[in-house]
Amino acid sequence: MVETSDATGDSLQKFMVENAAVRGELVELSTTWQQVLTHHHYPQPVTTLLGEMMAAAALMSANLKFNGVIVMQIHGDGPVRLLVAECDSQLHMRATAKLAPDAVIDDDASMSQLVNLNGQGRFVITLDPQDKMPGQKPYQGIVPLDGESVATVIENYMLRSEQLDTKLWLAADDKVARGLLLQKLPNHGGIDAPINDDLETWNRFMALGGTLQPKEMLTTNIQTLMRRLFWEENIRVFEPQLPSFQCNCSREKVGNMLKMLGEPEIEEALADLGKLAVDCDFCGQHYEFDKVDCAHLFATEAPVEALLPTGSSKH
């Protein structure tokens, strides 16, 4: 029997199959996804691809037991050069895409045509802990784009890197992004969950998930989807989590990025432009640095935010 919460809108719902090493999650992103699209106007195939990545990032982040950020990137060699979706342990999310300057994208373009035109596309997943130990660096895995969909690429990555059977169903348009994740957990032959029973349960849930169609996912909230799929199953449903859009850009981070370019390059750019303007790719926040601001960058170790409040502009 499935007892779902009354939560609506942006929500991530975890569940466990009773007495079996199978777990699952459903995610719905509407307001969060709309806030991403507020700052960008992508062709429909790019919108679909980025929305599916964002749903996948939420599903994968909810399985991680660490305080930090998961960053999913697809580096493309076609008209789409980069897709990025980020999600932290509180389900704060952001996403963006970069297209080639001369990109021409057909309405029915496939993922391969968008990002793997010459077979050089790459999938990158980064786990960046918030509280790093001294010398600790983010974990990063890089693999070829092995699959014709975001879901397949991630499934193959999880099987190879984590040795976990993972199945994803993803769908997105310009209004909503939804996803279902099922995962078969390692079983050590416990009394309550015999291995053969786990395999039977896993195969049954895979078959149920396989009945999902993209149109159904786009037009049906996740509470209804859960009831339709698992109404006969004995599952335990947890308190829903609430994803939200949040960008962590700041004037300090932009200033540090400029410092990394080096003083000679910054001075050359200032000579040509008079001031430097940077817009955040995720939220559109505009930052400006004039000659005085840039001089401070290289003359002090003080936080850049102390030099000029975030959101201020100099002309």
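**Reading Loops, a Sheet, a Helix and a Cavity**

Mentor: Residue N19 lies in the loop between β1 (11-17) and β2 (22-29). Please bear in mind that this is a predicted model.

Trainee: What is the phi of N19, and how should its sign be read?

Mentor: As a general idea, most residues other than glycine have a negative phi. N19 is not a glycine, yet its phi is positive, at about 60°.

Trainee: Is N19 buried or exposed?

Mentor: N19 counts as exposed because its relative accessibility is 51%, and the cut-off for exposed is over 50%.

Trainee: Which residue in the loop between β4 and β5 (92-99) should I examine next?

Mentor: L91 is found in that loop. It too is a residue other than glycine with a positive phi, near 65°. L91 counts as buried because its relative accessibility is 2%, and buried means under 20%.

Trainee: Let us turn to the sheet. In what order do its strands lie?

Mentor: Strands of a sheet pair through backbone hydrogen bonds, either parallel or antiparallel. Here 6 strands form an open sheet with mixed pairing, and the order is β7-β6-β3-β4-β5-β11. At the edges stand β7 (139-144) and β11 (244-245), each of which pairs on one side only.

Trainee: How many bridges link strand β3 to strand β6, and in which sense do they pair?

Mentor: Strand β3 (residues 68-75) and strand β6 (residues 122-129) are antiparallel and share 8 bridges. To trace the register, note that G68 has P129 as its bridge partner in β6, while I70 has L127. Helix α4 (residues 150-161) packs on this sheet, where it touches β3, β6 and β7. The direction of α4 makes about 60° with that of β6.

Trainee: How many bridges join β3 to strand β4?

Mentor: There are 7 bridges between β3 and strand β4 (residues 80-88), and the two run antiparallel. The bridge partner of M72 in β4 is A85. A hairpin of 4 residues connects β3 to β4. As for burial, β3 is mostly covered, with 6 of its 8 residues buried.

Trainee: Which residues of helix α8 are buried?

Mentor: In helix α8 (residues 251-261), the buried residues are R251, V254, G255 and L258. They lie on the same side of α8 because they cover an arc of only 100° around the axis.

Trainee: What covers the buried residues of α8?

Mentor: The covering elements include α9 (263-273), β12 (276-279), β13 (286-289) and α10 (291-299). Just after α8, G262 adopts a positive phi of about 100°.

Trainee: My last topic is empty space. How many cavities of 30 Å³ or more are counted?

Mentor: The general idea is that rolling a probe the size of a water molecule over the atoms shows where empty space is left. In this model the count comes to 1 cavity of 30 Å³ or more. The largest cavity has a volume of about 40 Å³.

Trainee: Which residues line the largest cavity?

Mentor: Its lining consists of V143, P144, D146, V153, N156, Y157 and R160. The elements that give two or more residues to this lining are β7 and α4. The most comes from α4, with 4 residues. You have met both elements already: α4 packs on the sheet and touches β7, and β7 is an edge strand.

Definitions and conventions:
Residues are numbered from 1 along each chain as its sequence is written. This is a predicted model: local features need pLDDT of at least 70, side-chain atom pairs count only at pLDDT 80 or more; totals for chains, interfaces and linings use all residues. Side-chain values use heavy atoms; hydrogens and water are left out. Two strands pair if DSSP finds at least two bridges between them. Contact means heavy atoms within 4.5 Å. Axes are lines fitted to C-alpha atoms, for helices over the stretch in contact, and angles run from 0 to 180 degrees between N-to-C directions. Buried means under 20% relative accessible area, exposed over 50%, partly exposed in between (1.4 Å probe, protein chains only). The arc is that of the directions from the helix axis to the C-beta atoms. On a 1 Å grid over the protein atoms alone, a cavity is a set of points where a 1.4 Å probe fits but cannot get out, and a pocket is an open set with protein on both sides within 12 Å along at least five of seven lines; lining residues have an atom within 4 Å of a point. Grid points are joined across faces, edges and corners, and a volume is the space filled by probe spheres set on the points.
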